[in-house]
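Trainee: I would like a close look at one part of this model. Please start from a single residue and work outward from there.

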Amino acid sequence: MRFEFATATRIVFGPGVLAEIGEIVAGLGSRALLVTGRTPERAEAARERLGAAGVASTAFSVMGEPTVGDVRRGADVARSEGADVVVACGGGSAIDAGKAIAALFGNGGDPLAYLEVVGRGQPLTKPSLPFIAIPTTAGTGSEVTRNAVLASTEHRVKVSLRSPLMLPRAALVDPDLLRGLPPHVVAASGLDAFAQLVEPFLSVRANPLVDALCREGLVRSARSLRRAFEGDSSEAVRVDLALASLFGGLALANAGLGAVHGFAAPVGGMFDAPHGAACAALLPAVLRVNLEALSQRRRESPALARYREIAAIVTGRPGADAEDAVVWTESLVRALAIPGLSRWGATEADIGPLVAKARAASSMKGNPIELEEGELAEIARASL
Ligand SMILES: [Zn+2]
């Protein structure tokens, strides 16, 4: 056994910890680029706290999942404003944008120099500008990961900018910021977090440190996600969702993912589907097809015992079967009103290209079994 665990330098968690942002950032810089999503008001409290701590800030918004162009523009703004620290306050899109801007600012040049597939794929060699992430949704866990997913609009794909140098200097996770999220955002982001706990737990790169995080995260997600969707915004529920998301980020960054995320990458590139919604739509079919493939071809795989463990955690029944994990997840995805991929424009005709691209996606390498062409097509078809 060999494993490694790397994460943000500092993780500060708890209701109300946003109040500490001024102090944390003031130790790292005096002029912040404040990256937000399409509702910059959600970052207003952070901006005020920064000001009170003597940190000037310039706002920069991204309107959706970040593009190569957004990152190029953000780094230009950071340079012209003389920023010496980047703070992102928002959902996964804002955090990925901020993370990539901080990396690009530190390394210079154009984003395409460092991107694989669509660019020249040079490694990042210099430290990022200090980067602080403050999530306002509970889904991606991007506050503790070393990659940023960027869309290349001209190539219709999403690619990762990835380097240990991109790990945030601080992640400030405040469950109070989850108040007032619309139910469809709770559903999609919460199921992304759930998938990010299930996939690393079943991954061929699973390790004991990540396993512990996945088990605890699954308990919290299973007991609170449906309640949050139904309108329970109690502190206990928000803490559960925020921890599930954080633990999912820690897990995926250190144990990899699987076919849900292998498909989510091309789905996000080919259609205007938000990442969480794509993962949520794919999760039931991936769990079912993986279980069938493992039962037929890899009966000795440790992933089968893990399916039973997931089933026991989510149903609360110690003797639950592997199949119960699939049935429980299907029922949750239905209860959370997740639309199929056809909602985002995918049709039968897209199955071939989706399968070809998913096969090559880096996340696919963590899947507990290598799926055959027909099995991958079955996942795509069942997720329409
Ligand atoms: Zn995800």
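Trainee: Where is the place of Ala 337, and which two helices flank that loop?

Mentor: Ala 337 sits in the loop that runs between H11 and helix H12, the latter covering residues 351-360. Keep in mind that this is a predicted model. The backbone of Ala 337 stands out: phi is positive, about 55 degrees, although the residue is not a glycine. Ala 337 is also exposed, because its relative accessible area is 57% and the cut-off for exposed is over 50%.

Step back from the loop into H11. By the ring-centre rule, the model holds one aromatic pair. The partners are Phe 194 and Trp 328, with ring centres 5.7 Å apart. Their planes meet at 40 degrees, so the pair is tilted. The reasoning is simple: stacked needs under 30 degrees, edge-to-face needs over 60, and the rest count as tilted. Trp 328 belongs to helix H11 (residues 322-335) and Phe 194 to helix H5, so the contact ties together parts 134 residues apart in sequence. Both Phe 194 and Trp 328 are buried.

That pair leads into H5. Next to Phe 194 in the numbering is Ala 193, also a residue of helix H5. Ala 193 is buried, because its relative accessible area is 2% and buried means under 20%. Ala 193 and Leu 241 are separated by 48 residues in sequence. In space, their C-alpha atoms are 8.4 Å apart.

H5 also supplies metal ligands. The zinc ion is coordinated by Asp 192 through OD, Gln 196 through OE1, and His 261 and His 275 through NE2. The distances run from 2.0 to 2.1 Å. Along the chain, the donors follow the spacing D-x3-Q-x64-H-x13-H. Asp 192 and Gln 196 are four residues apart in helix H5 (residues 183-202), so about one helical turn separates them. Asp 192 and Gln 196 are both buried.

Now the geometry. The four donor atoms subtend angles of 91 to 142 degrees at the zinc ion, so the arrangement is irregular. Ideal angles for four tetrahedral donors are 109.5 degrees. The tetrahedral label requires all angles to lie between 85 and 135 degrees, and here the range reaches 142 degrees. Square planar fails as well, because opposite donors would have to be over 155 degrees apart.

Next, the charged contacts. The count comes to 22 salt bridges. One of them joins helices H10 and H6. Arg 306 and Asp 211 bring their closest N and O atoms to 2.8 Å. Arg 306 is in helix H10 (residues 302-315) and Asp 211 in helix H6 (residues 208-229), so this bridge ties together parts 95 residues apart in sequence. Arg 306 is buried at 17% relative accessible area. Asp 211 is buried at 7%.

Another salt bridge stays within one helix. Arg 73 and Asp 70 have their closest N and O atoms 2.9 Å apart. Both lie in helix H3 (residues 68-80), three residues apart, about one turn of the helix. Their burial differs in class: Arg 73 is partly exposed at 46%, whereas Asp 70 is buried at 12%.

Asp 176 and Arg 179 form a further bridge, with closest N and O atoms 3.8 Å apart. Asp 176 is partly exposed at 22% relative accessible area. Arg 179 is partly exposed too, at 48%. There is also a linked set: Glu 216, Arg 220, Arg 223 and Asp 240 make a network of salt bridges.

Finish with the nonpolar surface. Met 1, Phe 3, Phe 5 and Leu 209 make a nonpolar patch of about 420 Å². Phe 3 lies in the segment before strand S1 (10-13). Its relative accessibility is 35%, so Phe 3 counts as partly exposed. Phe 3 also comes within 8.8 Å of Pro 208, C-alpha to C-alpha, across 205 residues of sequence.

To recap the route: from Ala 337 in the loop between H11 and H12, through the tilted pair of Phe 194 and Trp 328, to the zinc ligands Asp 192 and Gln 196 in helix H5.

Technical notes. Residues are numbered from 1 along each chain as its sequence is written. This is a predicted model: local features need pLDDT of at least 70, side-chain atom pairs count only at pLDDT 80 or more; totals for chains, interfaces and linings use all residues. Side-chain values use heavy atoms; hydrogens and water are left out. Donors are N, O and S atoms within 2.8 Å of the metal (3.2 Å for Na, K and Ca); water is not among the atoms, so sites may look incomplete. Four donors count as tetrahedral if all angles lie between 85 and 135 degrees; four count as square planar and six as octahedral if opposite donors are over 155 degrees apart and all others between 65 and 115; anything else is irregular. Buried means under 20% relative accessible area, exposed over 50%, partly exposed in between (1.4 Å probe, protein chains only). Patches are made of residues with over 30% relative accessible area and no salt bridge: like charges are joined within 9 Å, nonpolar side chains (Val, Leu, Ile, Met, Phe, Trp, Tyr) within 5 Å. Accessible areas come from the Shrake-Rupley method with a 1.4 Å probe; for residues, only the protein chains shown count as cover. A salt bridge is a side-chain nitrogen of Lys or Arg within 4 Å of a carboxyl oxygen of Asp or Glu. Rings of Phe, Tyr and Trp (its six-membered ring) pair if their centres lie within 6.5 Å; planes under 30 degrees apart count as stacked, over 60 as edge-to-face and the rest as tilted.
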